[in-house]
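Here is a short report for a newcomer. Look at the chain first, then read on.

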Amino acid sequence: MIFAVLIPLLIACFIPALSKLKEKLHTGIFVFFIPFLIFLYFVSFIGNDFTPIREQYSWIPSLGINFDLYLDGLSLLFVLLISGIGSLVVLYSIYYLSKSERLGHFYVYLLMFMSAMLGVVLSDNIFVLYTFWELTSISSFLLIGYWHFKERSRYGALKSMLITVFGGLSMLGGFILLYVVTGTTSIQQMIGQVDLILNSTYLPLILGFILLGAFTKSAQFPFHIWLPDAMEAPTPVSAYLHSATMVKAGLFLVARFSPIFSGYEGFFIVVSVFGIVTLCWGAYMSVRQTDLKAILAFSTISQLGMIMAMLGFGTKAAVFAAVFHILNHATFKGSLFMVAGIVDHETGTRDIRKLGGLATLMPITATLAIFGTFSMAGVPFPFLNGYYSKELFFGSTLGLGSDFWSQAIPYLAVLGSIFTFVYSMYLFFGTFTGKKQFDQLPKKPHEAPIGMLISPMILVVGVVIFGLFPNIVNASFLQHAATAINSTVVYKEITFWHGFITPFKMSLAVVGFGTVLFLTRKKWQPVYQVLPGKVSFNHVYDAIVNKIGNVANRITNYYMTGSLKTYMSLILGTTLIVSLLFMYLTNGFAFNTDQLAEVSFIEVAVVLIMIVAAIATIYMNHNVAAILVVGVVGFGVAILFVIYRAPDIALTQLVIETITVALFLLCFYHLPKLRKSTDSAKTKIMNATISIGFGALVTLVAISAHSSRWFESIADYFVENSKKLGGGDNIVNVILVDFRGLDTLFEISVLGIAALAIVGLIKYRKNKEAE
Amino acid sequence: MTNILTATDNILQITLMISFIGIALSLALLLYRVITGPTQPERAVALDAIGINLMGLAGLMSIYLVTTKLNDVILLIGILAFLSTLAIAKYLEKGVIIDRDVD
């Protein structure tokens, strides 16, 4: 099983080399065999006696992240969809993409996606699941932006990336919480600990985060906005990712975690409500579109909402219907996307207003489309699988409860389905019948090459087979998928006719009202000016994306002024506030006058002189005057060292003081003249506050540090051992070169580096004229 | 007589204190000159005089602390006060303190 997941990735590594041969052989031909073999491999698992299979491979055992693969009925359903439709899409793409495209890129991304998707549905480990989940987002991003020279493609790719990765990250949050609660990373083991999760206080958070991931990926309201923009991708990609596989990953996630959350009422409410709203809104918006792929995109949103709603109902009938519809939707939606691609390919446009009357020129395509659209609409013909799942859906909406909202659900379902009927009819009749206006088309339309028709044909054959024999895969296949979601599901025989019962009446109502609405479409079209009107979630998205940029820009510009003065006051001010707050909170102000020495007259005098000189420095207007006044402070420090019996330091201080004065004088020539400060009074007061505050802070810290001495000083050791161990009377120098010689070594290095840097700065100037 | 004798016992301390006060006063007045100026040479001369005062102060400190370890400091202040005054003087006179070779 692990090979099935990783082989597409492995082959993707060789695609760039193979794509060099594309002049002779289309790269897609090599690629085709991979999903096909995977499909054949997984088909062999189908059977009435199917039991889940588990495979484990160590990856990061210390973190509990292992490559655990678990194949149950639900995974099998998805794996077969991914590999089966994957093969058909690759076959279709061989004819759809010409050899002049960058085929290597296309198939590398596609295989990457396939591998990621197989990983998502087969992983039992939440973190491995998340890894593959993000890989699907990334490969989808790459595929949507395949024609990266188009601005719309880049926009669509970015949008889908932002939205799905936002959801993916929140899903990771949910997973981490689940891991914290249960202590295991395996989904199956979590299902075993349902009680622990249901009793956890984190439950609403876990549910919210995971559902956010599922809703963004499966384009549920209001996160559906990325899907219509993802239609800028090549049509095989739209057919594969954005109808059959990736957008169902969210459904898979909800289905996979259903056994865990099914004990929690909120789960059903949230999922059903979002599903129903998405169903209605998607169908409603779809009627408004004029681009074939946009119609299909909104249709996909709506159908996904329908499946999500069924998963939300969670009853036996609903779960089985959901599984059945996942299969059916993949067949007819895949074929419809391919049909749309054929129409685009052969006429040069996808705008339904320019199309019409194509049935005579493209009879095969039209036949394929009629099966797809009628199945999507749920028209009650015994050879269309869409009808069965729609009827099962209607059946599952009934009898959910007796409160108002549960009663309203069947009506909402019918409402959504009416619009589904309208756009399905519009899609077919608008494209293939009606006025012929071939002169408006960029190309002269003709029937597609047979190779392009094979894939949709196979899918339509699937539609018809599931339509004629709806029970063909129930016991051996769908039953296992449904029990993986809800273990009590037992499949019922699906028959076309089982009496004049409510679901059938609902279907008839859909067809009836739908026909009326479709025929009078032009009359009520203005309603779209009112309801979505100017309101659009795209505006919300654009506003958020732009706002984040603008606001971040403004915030950054506010404090990154480029002025060192501002930075300095920010740094000092922040340090001041944080330190004072910290000292206040930890009660760090300690005042202890026990160990203070006596103050002599001469110390007071010297310190007073220094204070006066230091304050006077600020007011000096000439730079030589400033340096001379600072010199007084320097001399004062030196004499303080003398008074405190530190002759070595006094010596050093004096030499450094003098050298500093000389250095200042050396570069005064190049420095700007001191000017009177031009700051406003407010800034001046601010600066004064910060500097006085900072001085006070340092004083406070010094006093506190002196007052709270916790340990004996180690100075006595040096005094005793300076002569004995170091062989010198001068304790300071013995410490510098003997006890703590390493410090001295690096101080010397610092001076050396500074000297070299100065030489470098002066000698190796690029711009010699600047002197 | 005993008064005079006790006074002479402490005469060193008293002299030191008087000298400290004198030097402190002198420093304060020189500081006034350094700050007010009004011209740069006046400040420079005042700073030089502060240096000399500090030499005296260091000498008094070594008497007060009964040590010879501060004698180096006294000598160094002498040299450095001279050097820095020279540097300032040259800067004020010529605008530079290290001449470049003109050949």
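In chain A, helices α15 and α19 are roughly antiparallel to each other, because an angle over 145 degrees counts as such. Their axes cross at roughly 150° and come within 9 Å. Axes here are lines fitted to C-alpha atoms, for helices over the stretch in contact, and angles run from 0 to 180 degrees between N-to-C directions. Helices are DSSP runs (H or I, at least four residues), and strands are E runs of at least two, numbered from the N terminus.

This is a predicted model: local features need pLDDT of at least 70, side-chain atom pairs count only at pLDDT 80 or more, and totals for chains, interfaces and linings use all residues. Residues are numbered from 1 along each chain as its sequence is written, chains are lettered from A and ligands numbered from 1 in the order written, and side-chain values use heavy atoms, without hydrogens and water.

**Two helix pairs**

The crossing of α15(A) and α19(A) is left-handed; that is, the near helix is turned anticlockwise from the far one by less than a right angle, while clockwise is right-handed. Contact means heavy atoms within 4.5 Å. On α15(A), the residues that meet α19(A) include A:L327, A:F332, A:M338 and A:I342. Their partners in α19(A) include A:L453, A:P456, A:L459 and A:F466. By class, this contact has 12 nonpolar, six polar and one charged residues. Nonpolar covers Ala, Val, Leu, Ile, Met, Phe, Trp, Tyr, Cys and Pro; charged covers Asp, Glu, Lys and Arg; the others, Gly among them, are polar.

Helix α17 (residues 385-397) and helix α21 (residues 502-519) of chain A pack at about 120°, with axes 8 Å apart. Their crossing is right-handed. A:Y387, A:E391 and A:F394 are among the α17(A) residues in this contact, and A:F504 and A:M506 are among those of α21(A). The contact holds six nonpolar, three polar and one charged residues.

**A covered helix**

How many residues of α20(A) are buried? In this helix (residues 474-485), 10 of 12 are, where buried means under 20% relative accessible area with a 1.4 Å probe, protein chains only. Among them are A:F477, A:L478 and A:H480. The cover includes α3, α12, α14 and α15 of chain A.

**Annotated spans**

Two domains come from an unreviewed UniProt entry.

| UniProt domain | Residues of chain A | Helix | Strand | End C-alpha atoms apart |
|---|---|---|---|---|
| MrpA C-terminal/MbhD | 608-673 | 82% | 0% | 29 Å |
| MrpA C-terminal/MbhE | 686-766 | 81% | 0% | 40 Å |

Such annotations may be inferred rather than shown by experiment; their names are shortened and their positions follow the numbering used here.

Definitions and conventions
Buried < 20%, exposed > 50% of the residue type's maximum accessible area, 1.4 Å probe, protein only. Parallel < 35°, antiparallel > 145°, perpendicular 65-115°, else oblique.
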